[in-house]
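This report covers one helix and one strand, with the elements that accompany them. Please look over the sequence and the structure before reading on.

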Amino acid sequence: MPEKVVTQFAAEQQQRNQTLQHQMRQLFDPFGLWATTQQAHQAWLAHPQQLLEVCGTYNRDLIRLLGFATRRYWGEPDTDVIPPHPEDPRFADPVWCDSPYWDSIKELYLLNTRWLQNCLYATPGLNEQQRSISAFWLRQWLNALAPTNFLLTNPNALATALETRGESLAKGWQNFLADMARGDISMTDLSAFKVGENLATTPGAVVYRGKLLEVLHFEANTPTVHKVPLVLVSPWINKYYVLDLNPQKSMIQYLVDQGFSVFVTSWKNPDASMSEVGLDDYLTDGVAQIIDVACEISGSDKVNLLGYCIGGTLVTTYLAWANRAQPGKVPVQSATLLTTLTDFARPGDIEVFIDEDGLDYIDRIMENKGYLDGKDMAASFRLLRSNSLIWNYWASNYLLGETPMAFDVLYWNMDTTRMPKCMHHTYLRELYWHNKLVQPDALTLAGQPIDLGQITQPIYMVSAEEDHIAPWKQTYTLVERVAGPVQFTLSTSGHIIGIINPPGPKCKRSYWQGTPTKGAGAEDWLAAQTQVAGSWWPNWVEWLRPQSGNQVKPKLSSRKHAKLCAAPGTYVLE
């Protein structure tokens, strides 16, 4: 057989083998759990001396723990050989310390948990990404195996079952069946809220309805308003009313009380028929469309833009796109970016899901449905904080038979939306995976190459100190890439509470605010700022007013864009 034919045959066989391996990974291990675990095992086997040392450490700790557990049964007071983390609520009940039996179960779990995690972080030969992925999936298993998640090893659940003569278990079973029917674990009392009745209640009107969004315009609460309207681009991975939870927490209500004319995107919840809607459409039929509506009704030739989370990424992309398409004629006076990622090199904890196999798996789901279900995305984010967002509710809802407390933010969080296949593919591949948004002209959208350096409009940025979805130091990198002036604000708390942070006597948050210096890093900026008690909202409004023009009489709608129905509209209910 000729050598060329043999070589070609071998190459074809190798390609088939690689394809088969990829298909098997997609079927059984789409996020690389088994592969990274195998890498860790092989690394330890290649270093037997170090493996012997860590096993010796485990044996010594186990003997020490067993000795202490035995002495506790003879009356020795508890001193927690392996104390739980002070902020871990799972073992907060005194029974985990007072009872030698339950104390030994707790400490044995903590011993194994910490030893396995320490071993993983000490694994020789793993790179940072492999270590991060391995640690994430190990943490999921360890959290799932906590004794508090099982009836027979949860003293509170057993005591409650005895006190209620099994009623708590019956109620827990009913809760479990109801959640199974819904396909999601309840985080709040879903019967306590209804959009348009006790959520999203700021008066306003739908003044435009298209295939991708409804435009909401909110009624002024002042005799006059600033002529330059404020356009809020909400994230489409959730519904807009996080900005309008109730009158006390509503950013929209606060802004109309301050004399601003406020327009908001209420995105269509896409189904399979919208599978080919792309990121280009969100630019042209989304941001550009709401700007046109706001300018026509207000009579202003410019707007102030605000984008939250992924909405902020879209606003930033729009500014780069519009400045390239029509330099000097962009209808935007200023931009406000809330918890906005543009540099996805280190996108936070979510990066454990972002690799070729993980993205192929998501693509396969979207190919079958035409969209990514919001519950799938919500499940991913819950895994990032599984103890507080999964197992806490597992134990309380099912083992204790409790009804979750009514909490508006959690209700909003569970009111998920879908992502159209084409758009989400581009977003995950081009932004998250290839990080093209920060590479000048590497990404082309709606006919224009995108370069963040084209952005000249003044920007007010707000990030959150404890944000694990858009880490603040990563959001800060935009400062170096835009041509316009930037004000940067760092709020305490996380991705939601750091933003939904109204001023008032009950405000317990604080913030740092100042102008970044080009070339100085995030830590240098923070070191130069003074922490200010209270909400950052008044500081932002003070910055926004000079960008907002003269006072004019408010106008809710126009002949071209008449009132179609009252806010919150119809798309938010889908």
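How many residues does helix α8 have, and what span does it reach from its first C-alpha to its last? The model is a predicted one. In it, α8 covers residues 167–182, which is 16 residues, and reaches 23 Å, close to the 22 Å expected at 1.5 Å a residue.

Which residues of α8 are buried? They are S168, G172, N175 and D179. These buried residues line one face of the helix, because they fall within an arc of 60° when seen down the axis of α8. They pack against α7 (155–163) and α14 (386–399). E167, W173, M180 and A181, on the other side of α8, are exposed. Just after the helix, G183 takes a positive phi of about 80°.

The second element is strand β13, residues 486–491. It is mostly covered, with 6 of its 6 residues buried. V486, F488 and L490 point one way from the strand, while Q487, T489 and S491 point the other way. This can be set beside a general rule: in a regular strand the side chains alternate between the two faces of the sheet. In β13, the residues pointing either way are all buried.

β13 pairs with two strands, as listed here.

| Partner of β13 | Residues | Sense | Bridges |
|---|---|---|---|
| β12 | 459–464 | parallel | 6 bridges |
| β14 | 510–514 | antiparallel | 4 bridges |

Where do individual residues meet across these pairings? L490 in β13 is the bridge partner of S463. F488 stands opposite G514 in β14.

How values were computed. Residues are numbered from 1 along each chain as its sequence is written. This is a predicted model: local features need pLDDT of at least 70, side-chain atom pairs count only at pLDDT 80 or more; totals for chains, interfaces and linings use all residues. Side-chain values use heavy atoms; hydrogens and water are left out. Buried means under 20% relative accessible area, exposed over 50%, partly exposed in between (1.4 Å probe, protein chains only). Two strands pair if DSSP finds at least two bridges between them. The expected span of a helix is 1.5 Å times one less than its number of residues. The arc is that of the directions from the helix axis to the C-beta atoms. Contact means heavy atoms within 4.5 Å.
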